[in-house]
Structures are given as C-alpha cells and as structure tokens.
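Here's a quick briefing to read with the structure open beside you. Take a look around first, then work through the points below.

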Amino acid sequence: MPPASPNPSSVTSRRSFLKTTAALTGSGPLLAGLPAAQAGEAKGPLFAYVGTFSSPLRDVLPTQVDLPPGNGRGIHLFQVDRTTGALTASGVQEMGTSPSCLVINAAGTRLYSSNETDRVGAHNEGTVSAFAINRTDGQLKLLNTVPAGGAGPTYVSLHPHGRFLFVANYFGGSVAVLPILPDGSLGAASDIKIDAGSLGPKKATHAPPGSFAISGHDRTHAHMIQADPAGRFVLHVDLGLDQIFLWKFDDRKGVLTPNDPPSIALPPGDGPRHFHFHPNGRWFYSIQEEGSNLVLFDYDASLGRLTPRQTISSLPPGFAGSNFCSEIMISADGRFLYAGNRLHDSIAIFAIGENGTLTYISEEWTRGNYPRSFNFDPTGQFLYSCNQRGDNVTSFRVDPSSGRLAFTGHYTPVGNPSSIVFLDAAGAGQ
C-alpha cells in the first residue's frame with residue numbers, strides 16, 4: 001500500500017494498443033472449446049460488485065471516519081454482458097468507509113466487505129460489514145457491521161467450510177477471525193493475532209535498478225490472510241516483516257495456533273503482499289510489492305510448510321525504475337499465472353510448467369493507472385482490472401490456449417476501484 005507516486009508508463013504496451021485493437025476488430029471471440037454456458041448462453045443475470053475507496057458520506061455515516069479522500073461511493077453494482085464483457089451500472093451500496101475488499105460466500109447469498117479505515121467514531125480500528133444478496137437484482141441489504149480487530153482492514157477471505165471470515169488489518173498489523181452466524185451476519189472476533197518481529201529494510205533485495213519503491217517497512221503491515229484449500233492451516237503475510245505466517249486452525253472454536261515453524265522469511269525488504277494456491281494444492285505463489293517478484297513454494301498440506309523453489313521478476317526484461325506489485329491470480333486450469341504491476345501499469349502473464357515453475361510470456365497494459373487488483377469472471381473468459389488511480393475498470397478477453405489478454409475496448413467509470421467479485425445468479429459467487 002505505497003504512497004502516491006508519479007506514473008511512468010509501459011511504452012511497449014501502449015505502442016501495442018492499436019495493434020491489439022485492430023486484431024480484436026478483425027477476429028471472432030475466443031470461445032472455442034468453452035461450454036455453452038460460458039459462451040453467453042447461461043440463463044440468469046451475472047453481477048459484478050466493485051469495492052472502492054470512498055469518502056465519508058454524512059447521510060450514511062455521521063460519525064468521524066479516519067481515511068483519505070476517495071472518489072468511490074461504496075460498493076458499486078454492475079450487470080455483466082456475458083458475451084462482450086461490458087459492465088452496466090445497476091446501483092450503489094452507499095458507504096463512506098472504503099469497502100476496499102469484497103468476498104462472496106459459496107452459496108452466493110452473502111457478501112462481506114473490509115472497510116479500510118483507521119478509526120470510526122471513538123474506535124481506533126476499522127470495520128467489516130455483512131450483506132444479504134438479492135439474487136434476482138443483485139441488490140445488497142446490510143446485515144451488520146463489526147470491529148475488524150485492527151486498523152485499516154485491507155483483506156477478507158472465507159474459510160472453506162463457510163463458518164468463519166478472516167481479516168487482515170494493514171495499519172493495525174494484525175489478523176482476526178470473525179464467526180459467521182446462522183443468518184450470515186458477523187459475530188465478535190473469536191481470535192486476534194498481532195504481528196511482531198524485526199522490520200525489514202526500506203531497500204528491497206530484488207528491487208529493479210533505480211527503484212524508489214518504498215512503502216511498507218515503517219511498521220508491521222498484515223496484507224492478506226487465507227486458509228489453505230483443505231482449511232486445516234491459515235496463512236497470512238506481513239509486508240513490513242517480510243514474512244509469511246503459518247497457523248493451525250481450529251474450525252470449531254475459530255482459533256489460530258502457531259504452526260511449526262510459525263513463519264517463513266522472504267528476502268529482506270521485498271515486502272510480500274498477496275499469494276495464490278495452485279489448483280493442485282501443492283504449489284504456492286507469493287508476490288512481493290517492493291521487490292517486484294514472484295516466489296514459487298512447494299506446499300506440504302499435511303504439515304502446513306512452505307519450501308521456496310523459484311524467484312522470478314514480475315516485470316519484463318530490461319525494466320528499470322519504480323514499481324509496486326499488486327495482485328496475483330492463477331487461471332482455473334492451472335496453466336497460467338497473472339501478476340499486477342502498478343506504475344508499470346501492466347498485468348504480466350506467466351506459463352506454469354509441469355513442475356510449477358514460471359516462464360514469462362508477455363504483459364498487457366491495463367489501460368488505466370495503478371491496477372490495484374483484478375479478477376476473472378466465473379467462466380474465465382474475461383479478466384477485469386481495477387485501476388485505482390485511473391478511476392476505471394477495464395476488461396480483457398482471455399485466450400485460453402495462450403493465456404494472453406486482449407483489451408475489449410470497454411472502460412467502466414468507477415471512482416478509486418479496489419476489488420471486483422462476481423455473482424452468477426444461475427450459479428454461485430466468485
């Protein structure tokens with residue numbers, strides 16, 4: 001979560017813009033081999049929810065909120081055209097607390113948001129909100145809002161069994177476990193862990209030449225938390241400590257216990273931000289915000305242990321200057337990995353080899369400033385980039401054979417978009 005910086009752009013990617021647009025104009029949609037439902041024939045609407053950084057709204061939240069100004073209005077709702085990928089605005093859940101990260105339960109009936117504030121009223125911590133989803137029109141109904149267990153909650157995820165919500169508090173340097181009650185609302189935290197350790201240096205070990213990417217080594221910063229696929233262990237990263245913490249999880253009591261070993265260190269100053277499990281559950285990939293690199297780990301699901309095996313840059317060969325990495329995701333078929341680069345304003349594409357190692361393929365310019373996160377629609381046909389400082393969401397068609405991205409030409413205006421999730425009314429959420 002780095003400070004404001006200038007925007008050196010990817011010249012190569014921008015020069016390829018006209019070529020990409022021309023290719024799209026003269027070619028049919030990349031739908032070969034997809035099931036009929038994926039080719040736009042599914043029945044029922046497909047909704048997208050975009051979380052934003054938003055300013056306090058007096059009519060919604062009269063109490064004082066501690067956060068910088070934001071251009072968003074809360075959680076923005078869109079209907080998705082399954083064929084073209086275009087987004088059509090369908091409403092806003094007005095919130096002045098910066099609901100920056102969203103997650104939908106497996107049944108597609110509840111949505112949860114981390115509200116990235118340092119203080120609400122007299123409470124020096126952020127909050128988390130629970131909403132019921134109307135699956136007919138996608139509208140949200142607030143169930144409740146509870147303390148997050150720390151300041152600046154920046155990430156939320158659900159335990160595979162669906163009974164607990166995990167929260168990473170960036171400015172609080174803590175993580176929390178929140179029980180999910182029978183009606184989908186949230187209970188008080190069943191556990192809170194506060195990160196501790198030695199801060200890493202401000203200069204990243206793997207920083208690109210000439211980089212001034214310094215963001216989170218002033219204090220502890222929990223940036224992401226998620227259970228492993230089986231739900232036995234929970235992992236969370238602290239950017240300031242350059243560590244990934246590993247916890248045993250009691251899914252009856254909602255309590256975290258340090259694993260053996262309790263953490264694994266990343267190179268000093270590189271700043272782990274997000275991670276993603278491969279569909280096979282055996283490979284684990286971490287993206288480092290300040291080091292602008294990706295690390296492949298072998299994951300032992302029986303012991304909850306990580307063993308590093310490969311480190312590779314998130315940037316194209318020859319890049320120099322400042323960049324802050326953001327999101328990391330793997331295609332559903334496990335063949336490709338995508339990594340977000342802010343300032344370079346690109347999504348890097350990697351092939352995943354038979355042994356899990358990464359090979360750089362190409363990059364795609366996001367057509368917007370500072371891609372904070374991105375996500376695939378439920379079919380995997382489209383990828384959507386949330387361009388935080390560009391105040392827009394852009395969509396790209398995914399080539400399933402090569403993994404490459406092609407801009408659809410669709411820009412969707414959203415103030416300071418931070419995350420996007422989907423609800424298929426004919427299926428479930430994503």
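Helices and strands are DSSP runs, with at least four residues for a helix and at least two for a strand, and they're numbered from the N terminus. Counted that way, this protein has two helices and 28 strands. Keep in mind that you're looking at a predicted model.

**The overall picture**

- The protein has 430 residues, and 57% of them are buried.
- Take the contacts between residues at least 6 apart in sequence: 56% of these join residues at least 24 apart.
- About 16,300 Å² of the protein is exposed, and carbon and sulfur atoms supply 56% of that area.

**A sheet from both ends of the numbering**

- Strands of a sheet pair through backbone hydrogen bonds, and they can do so parallel or antiparallel.
- One open sheet here has four strands in the order β3-β2-β1-β28, and the pairing is antiparallel.
- Its edge strands are β3 (87-94) and β28 (417-424), each of which pairs on one side only.
- From one strand to the next, the twist averages 25°.
- Zoom in on β2 (residues 74-80) and you'll find seven bridges joining it to β3, with the two running antiparallel.
- Which residue of β3 is the bridge partner of leucine 77? It's glycine 91.

**A sheet in sequence order**

- Another open sheet of four strands goes β20-β21-β22-β23, again with antiparallel pairing.
- Here β20 (324-330) and β23 (358-365) are the edge strands, pairing on one side only.
- The twist in this sheet averages 25° from one strand to the next.
- Strand β22 (residues 346-352) pairs with β23 in the antiparallel sense, over seven bridges.
- If you want one pair to look for, try isoleucine 349, whose bridge partner in β23 is serine 362.

**Salt bridges**

- Side chains of opposite charge can pair when their charged atoms come close.
- How many salt bridges does a search of the whole structure find? The count is 10.
- One of them brings together the side chains of glutamate 116 and arginine 372, at 3.9 Å from N to O.
- That pair links distant parts of the chain, 256 residues apart: glutamate 116 sits in the loop between β5 (110-115) and β6 (127-133), while arginine 372 is in strand β24 (residues 371-376).
- Are these two buried or exposed? Buried means under 20% relative accessible area, so glutamate 116 counts as buried at 5%, and arginine 372 is buried too, at 6%.
- Aspartate 298 and arginine 309 form another salt bridge, with their closest N and O atoms 2.8 Å apart.
- Aspartate 298 lies in strand β18 (residues 293-300) and arginine 309 in strand β19 (residues 305-313), so this pair ties together parts that are 11 residues apart in sequence.
- Both ends of this pair are partly exposed: aspartate 298 has a relative accessible area of 28%, and arginine 309 has 35%.
- The side chains of lysine 193 and aspartate 191 also meet in a salt bridge, at 3.5 Å from N to O.
- In that pair, lysine 193 is partly exposed at 21% relative accessible area, whereas aspartate 191 is buried at 11%.
- To finish, look for Arg273, Glu289 and Arg342, which are linked in a network of salt bridges.

Key: Residues numbered from 1 in each chain as written. Predicted model: local features only at pLDDT ≥ 70, side-chain atom pairs only at ≥ 80, totals over all residues. Heavy atoms only, no water. Buried < 20%, exposed > 50% of the residue type's maximum accessible area, 1.4 Å probe, protein only. Contact = heavy atoms within 4.5 Å. Areas by Shrake-Rupley, 256 points an atom, 1.4 Å probe, with all protein chains shown as cover. Pairing = 2+ DSSP bridges. Axes fitted to C-alpha atoms, helices over the stretch in contact; angles between N-to-C directions. Salt bridge = Lys/Arg side-chain N within 4 Å of Asp/Glu carboxyl O.
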